[in-house]
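Here is my note on this model, set out as numbered points. Please keep the sequence and the 3D view open while reading.

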Number of protein chains: 2
Amino acid sequence: MDNPRARILNTASLLFHQQGYNSTGINQIIDEAKVAKASFYQYFRSKDELCIAFLRFRHEYWFAELQAYTQHITGREGFIERVFDFIIHMNKKENYRGCSFLNILSELSKDQEAILAVIQSHKNDLRNFFENRLEKSLLATHIYLLFESAIIESQLFKSNELVYKSKEIINYII
Amino acid sequence: MDNPRARILNTASLLFHQQGYNSTGINQIIDEAKVAKASFYQYFRSKDELCIAFLRFRHEYWFAELQAYTQHITGREGFIERVFDFIIHMNKKENYRGCSFLNILSELSKDQEAILAVIQSHKNDLRNFFENRLEKSLLATHIYLLFESAIIESQLFKSNELVYKSKEIINYII
DNA sequence: TCATAAACAGACAAGTCTGTCTATTTATTC
DNA sequence: GAATAAATAGACAGACTTGTCTGTTTATGA
């Protein structure tokens, strides 16, 4: 939190998450991060480059949280339960803001391929995470898909209802 | 396609879908719709009001397409198959642009509650659609959730892979 | 044909945006 | 302590944004 780069990244995380990417200006970021504009452009060539740095930063943070939250669980059922509890946990923590990656996806134009690649890579990692914990199986993909929609519906309705429903569905099926 | 209002709505549909809401300016809309700015503000008080009109317009169109695509199907299995085929159909038709409603959701700020309400209402209608065709059941919610993520993953990866996977999952379960 | 309505073009205000630049101050290191 | 590096503030260019406004032209209907 002491060096400019970290302050920028932390502030951008907050603002992108709260207001969206296109609605958040560089000026607001540097104001709230208490960083001069020249310093900003010292660390990041452009806003899009900041976006990519932010997504990588967010990726590291989010996965670390998910790992920590599910690490100690051993059984398959328990793991799946826990994974949906993680959504509830993050919804509360971050006020139903949904997925940073999908939020930015919606704002991309065709020429922002570099950003798209980071988003795809994040989601591939998530899918792999489930395949590692549940064996590469239809179930892993199933959980991935329900996990994705559970996050989005939480954001849309600012509610955990469909997270609980997802858990019900899985319990019924397994 | 002949009166200004319809031209605006059609052009906005295209541009919002292609470029996103915040990245599309009024000026571009009126240029491409070949409508004077004064005429635009005759029909819509503000850009946000256009957004709401667009979403209602899109809602009507999209649901009509979905109805038409699934109307003649009788059995439960066939209906579910058909519903996922509809995603593939729309992906091809609209170049993997995903869901207009969720795309705009990501761009909303806190004060745009009126727009949020239209999006929620659309998704409630979709969920009701499944509950009507499949009886109010856990299965209906299940299809709704997989349907949602199938659309999003199509957009993200510009591929139907996870739509096919969703069908596999459902076939395995039923 | 003439009055009314609906469209047009486009200038303008007031604000936003990203990115560049100059010039100054604060830290760090030899 | 002097030289170098890293930070600061903030003006500025140029392009964009939404929304208002004036004035002109085209359609419509009696």
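**Notes on the DNA contacts and the chain A fold**

1. Start with B:Tyr41. An N or O atom in the side chain of B:Tyr41 sits 3.3 Å from a phosphate oxygen of DNA strand D. That counts as a polar contact (a pair of N or O atoms within 3.5 Å; within protein, one must be able to donate a hydrogen and the other to accept it, and residues adjacent in sequence count only if both atoms are side-chain atoms).

2. On the basis of the note: this is a predicted model, where local features need pLDDT of at least 70, side-chain atom pairs count only at pLDDT 80 or more, and totals for chains, interfaces and linings use all residues. Residues are numbered from 1 along each chain as its sequence is written, chains are lettered from A and ligands numbered from 1 in the order in which they are written, and side-chain values use heavy atoms, with hydrogens and water left out.

3. Other phosphate contacts on strand D. The side chain of A:Ser39 places an N or O atom 2.8 Å from a phosphate oxygen of DNA strand D. B:Lys47 uses a backbone N or O atom instead, at 2.9 Å.

4. The surroundings of strand D. There are 18 residues around DNA strand D, and A:Ser39, A:Tyr43, B:Ile26, B:Asn27 and B:Lys37 come nearest. Near means that a heavy atom of the residue lies within 4 Å. Of the strand D atoms that come within 4 Å of the protein, 57% belong to sugar and phosphate. α3(A) gives the most to this surface, with four residues. Helices here are DSSP runs (H or I, at least four residues), numbered from the N terminus; strands are E runs of at least two.

5. Strand C. Around DNA strand C there are 18 residues, with A:Ile26, A:Asn27, A:Lys37, B:Ser39 and B:Tyr43 nearest. Sugar and phosphate make up 58% of the strand C atoms within 4 Å of the protein. A:Ile26 brings a backbone N or O atom to 2.7 Å from a phosphate oxygen. B:Tyr43 reaches a phosphate oxygen at 2.7 Å through a side-chain N or O atom. α3(B) supplies the largest share of this surface, four residues.

6. The fold of chain A. Chain A has nine helices and zero strands. Its radius of gyration (over C-alpha atoms) is 17 Å, close to the 16 Å from the globule rule (2.2 Å times the number of residues to the power 0.38) for 174 residues, so chain A is as compact as a globular protein of that length. Buried residues (under 20% relative accessible area, 1.4 Å probe, protein chains only) make up 55% of the 174.

Methods
Buried < 20%, exposed > 50% of the residue type's maximum accessible area, 1.4 Å probe, protein only.
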